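Hi,

Here is the structure I promised to pass on. Have a look at it first, and my notes follow below.

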Amino acid sequence: KDTLIVWSEAENYDLALSFQEKAGCDEIWEKICQVQGKDPSVDITQDLVDESEEERFDDMSSPGLELPSCELSRLEEIAELVASSLPSPLRREKLALALENEGYIKKLLEIFHVCEDLENIEGLHHLYEIIKGIFLLNRTALFEVMFSEECIMDVIGCLEYDPSLSQSRKHREFLTKTAKFKEVIPISDPELKQKIHQTYRVQYIQDMVLPTPSVFEENMLSTLHSFIFFNKVEIVGMLQEDEKFLTDLFAQLTDEATDEEKRQELVNFLKEFCAFSQTLQPQNRDAFFKTLSNMGILPALEVILGMDDAQVRSAATDIFSYLVEYNPSMVREFVMQEAQQNDDVSRASPEITKTEKTEFLGFFYKHCMHVLTAPLLANTTEDKPSKDDFQTAQLLALILELLTFCVEHHTYHIKNYIINKDILRRVLVLMASKHAFLALCALRFKRKIIGLKDEFYNRYIMKSFLFEPVVKAFLNNGSRYNLMNSAIIEMFEFIRVEDIKSLTAHVIENYWKALEDVDYVQTFKGLKLRFEQQRERQDNPKLDSMRSILRNHRYRRDARTLEDEEEMWFNTDEDDMEDGEAVVPPSDKTKNDEDIMDPISKFMERKKLKESEEKEVLLKTNLSGRQSPSFKLSFSSGTKSNLTSQSSASNLPGSPGSPGSPGSPGSPGSVSKSTSQMAAITTK
């Protein structure tokens with residue numbers, strides 16, 4: 001259809017390829033027709049579409065499809081019939097009914113034995129195509145026949161002779177000789193045992209024997225997936241109902257006399273048993289875990305987790321994770337009962353209550369948290385990780401992931417722990433790791449803390465100078481544009497945008513000299529500007545309030561416009577302010593230009609002099625001291641008093657105490673014509 005190729009793969013499953021140009025569509029259409037052996041000049045190649053509505057109705061009402069007699073000489077004809085029926089839902093339905101009604105599959109498998117005995121490779125290749133086509137019919141009734149005890153191994157045998165392979169596969173040999181069925185606890189029910197064998201073999205067919213299905217064939221194998229799924233549900237249900245089996249299982253698991261190899265098999269079985277349960281519907285899964293809980297799975301796991309065998313502990317941990325995912329409240333209750341040796345903490349409801357959470361976290365941080373953080377504390381006693389191999393780095397990364405979760409969800413419990421144990425300082429030692437993923441985990445932990453905007457955390461960070469490892473890592477990273485670079489800049493940008501005043505002042509006062517040359521982003525210059533505006537407000541509270549009044553009066557618009565202009569104000573560089581627009585009170589609008597500009601120039605002179613004389617930056621080279629920052633801003637003693645005492649001698653307009661200074665005691669009544677009672681505010 002011009003730029004479209006349309007077809008159907010199954011009932012109610014239509015697909016289309018759309019092309020931008022007709023030429024491209026025609027080219028692909030020709031290739032498809034070439035593969036299918038169809039004429040590309042015909043627009044419609046699907047068989048059923050060529051039939052009239054009347055013919056189609058007659059076809060649907062006809063008794064069914066007539067199959068060729070099941071003989072060795074007609075295998076090629078049968079294979080062609082199966083292949084030609086697959087594209088049409090109606091023909092597929094009729095073929096499936098014919099195969100069911102005539103017991104055709106068993107007849108085909110008898111011919112398979114004849115072909116193998118005669119080493120008739122051509123016949124075996126045809127049988128492969130026929131059996132594969134029957135799988136794609138997607139019929140449960142046919143699967144029941146093919147997967148029966150008497151037929152399944154022959155079906156697998158047919159699928160060994162793939163025509164596309166130079167040699168046949170040895171699937172039956174693997175299933176009968178290599179794969180061994182172990183009964184860790186004897187299963188007395190023969191039906192259950194047969195169902196386990198069948199499920200294993202069908203899963204093997206799906207995963208190993210059948211070729212990887214195409215996008216279209218995947219949809220045609222949905223019934224096979226369902227067959228395996230429902231088999232697993234049946235197996236779990238039958239085992240769950242066998243009380244003797246489960247009682248023996250848990251008794252042997254916890255029995256000290258059970259040898260290590262046997263115990264490992266028992267744990268592996270229980271692990272697979274729990275994995276099967278994940279396919280159950282929620283109601284059935286609830287019943288399953290309730291049964292395990294009643295049988296004493298948690299006390300059994302407690303015993304197993306205390307054993308020396310690492311493989312057994314690993315499998316037990318997997319089982320434990322299933323339980324935690326299913327019902328964390330049940331696990332918490334058990335832990336608390338074990339710890340307190342009473343039932344006071346037990347709750348009937350699976351929902352976690354506030355009291356339960358508080359009690360559990362109190363217990364966890366008192367008795368368990370030190371175990372979680374032990375590897376971290378052991379590895380961060382110096383300025384760099386004492387062990388920095390990949391395995392250790394992976395372990396520490398997992399610990400940091402858990403600690404980051406705790407910071408987000410455990411509020412004051414984790415806050416007290418971090419501050420009292422100085423955890424953040426130890427975590428930031430990992431910024432020096434040679435493994436970038438671990439250094440980023442450490443940075444992410446700090447970023448989560450800063451994101452809380454909690455002044456308790458902020459004071460702890462400032463007191464211990466905990467930006468030092470971050471700044472050092474940023475400088476060591478150099479000009480490389482990587483995740484570390486971006487993550488560190490984002491942290492400082494967050495502090496700037498959220499206007500966290502305490503951290504802004506701390507960063508600029510201690511690390512500005514190291515960061516001032518970073519100009520490929522405006523983050524650090526923006527932080528400096530925030531800091532200076534903050535200082536200006538502290539030094540001139542009246543000026544700050546007047547600035548707010550003037551700006552609100554002049555720019556009284558909608559909220560979004562106001563936010564934009566406030567952001568514009570904060571983003572303005574000081575150098576730009578000289579070329580800015582003077583914002584004056586309405587009462588001063590009639591003043592001439594000299595009256596307006598004079599106080600602005602004095603204000604700027606005072607600001608520049610103050611900036612040049614007030615600060616003395618000392619860059620320290622030693623980065624190892626905990627109590628002293630890497631980069632520290634020291635103030636000259638008596639700077640302000642010196643400026644004040646020298647103001648008359650230097651005739652400095654705008655100095656504290658000078659006649660033109662806004663807010664100085666002597667200002668009102670002694671202002672000359674060239675000085676205004678209030679300083680004008682400049683914005684870009």
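To start somewhere concrete: in which helix is the place of Ser 85? Ser 85 sits in helix H4, which covers residues 75-85. One thing to keep in mind while you browse is that this is a predicted model.

Staying with that serine for a moment, its relative accessibility comes out at 0%, and since buried means under 20%, Ser 85 counts as buried. Its side chain isn't without a partner, though: the side chain of Ser 85 reaches the backbone oxygen of Leu 81 at 2.8 Å.

Next, the salt bridges. I get 22 of them in the structure, and here are three pairs I looked at in detail.

Arg 172 and Glu 160 meet through their side chains at 2.9 Å, N to O. Arg 172 belongs to helix H10 (residues 171-178), while Glu 160 is in the loop between helix H9 (152-158) and H10, so this pair ties together parts that are 12 residues apart in sequence. Glu 160 is buried, because its relative accessibility is 4%.

Then there's Lys 271 with Asp 318, a salt bridge of 3.0 Å, N to O. Here helix H15 supplies Lys 271 and helix H18 (residues 310-326) supplies Asp 318, so the parts tied together are 47 residues apart in sequence. Lys 271 counts as partly exposed at 30% relative accessibility, and Asp 318 is partly exposed too, with a relative accessible area of 28%.

The third pair is Lys 453 and Glu 498, whose side chains form a salt bridge at 2.7 Å, N to O. This one runs from loop to loop: Lys 453 lies between helix H25 (436-451) and helix H26 (455-463), and Glu 498 lies between helix H28 (483-497) and helix H29 (501-515), so the pair ties together parts 45 residues apart in sequence. Lys 453 is partly exposed, with a relative accessible area of 42%, and for Glu 498, also partly exposed, the value is 35%.

Besides these pairs, Glu 93, Glu 100 and Arg 139 are joined into one network by salt bridges that share partners.

Now for the surface. What kind of patch do Leu 72, Val 114 and Leu 118 form? It is a nonpolar one, and together the three have about 240 Å² of accessible area. Val 114 is found in helix H6 (residues 104-118), and at 39% relative accessibility Val 114 counts as partly exposed.

There's a charged patch as well: Asp 259, Glu 260, Glu 261 and Asp 308 gather on the surface in a patch of negative charge. Of these, Asp 259 lies in the loop between helix H14 (243-254) and helix H15 (260-277). Its relative accessibility of 45% is why Asp 259 counts as partly exposed. You'll recall helix H15 from above, where Lys 271 lies.

One last residue to look up is Glu 359, in helix H20 (residues 354-367). Glu 359 is partly exposed, with a relative accessible area of 32%. From Glu 359 to Arg 332 the C-alpha to C-alpha distance is 9.9 Å, and the two are 27 residues apart in sequence.

That's what I have for now. Shout if anything looks odd when you load it.

Cheers

Note on methods. Residues numbered from 1 in each chain as written. Predicted model: local features only at pLDDT ≥ 70, side-chain atom pairs only at ≥ 80, totals over all residues. Heavy atoms only, no water. Patch = residues over 30% accessible without salt bridge, like charges linked within 9 Å, V, L, I, M, F, W, Y side chains within 5 Å. Areas by Shrake-Rupley, 256 points an atom, 1.4 Å probe, with all protein chains shown as cover. Salt bridge = Lys/Arg side-chain N within 4 Å of Asp/Glu carboxyl O. Helix = DSSP H or I, 4+ residues; strand = E, 2+ residues; numbered from the N terminus. Buried < 20%, exposed > 50% of the residue type's maximum accessible area, 1.4 Å probe, protein only. Lys, Arg positive; Asp, Glu negative; His and termini not counted. Charge placed at Lys NZ, Arg CZ, Asp CG, Glu CD. Polar contact = N/O pair within 3.5 Å; in protein donor to acceptor, adjacent residues only side chain to side chain.
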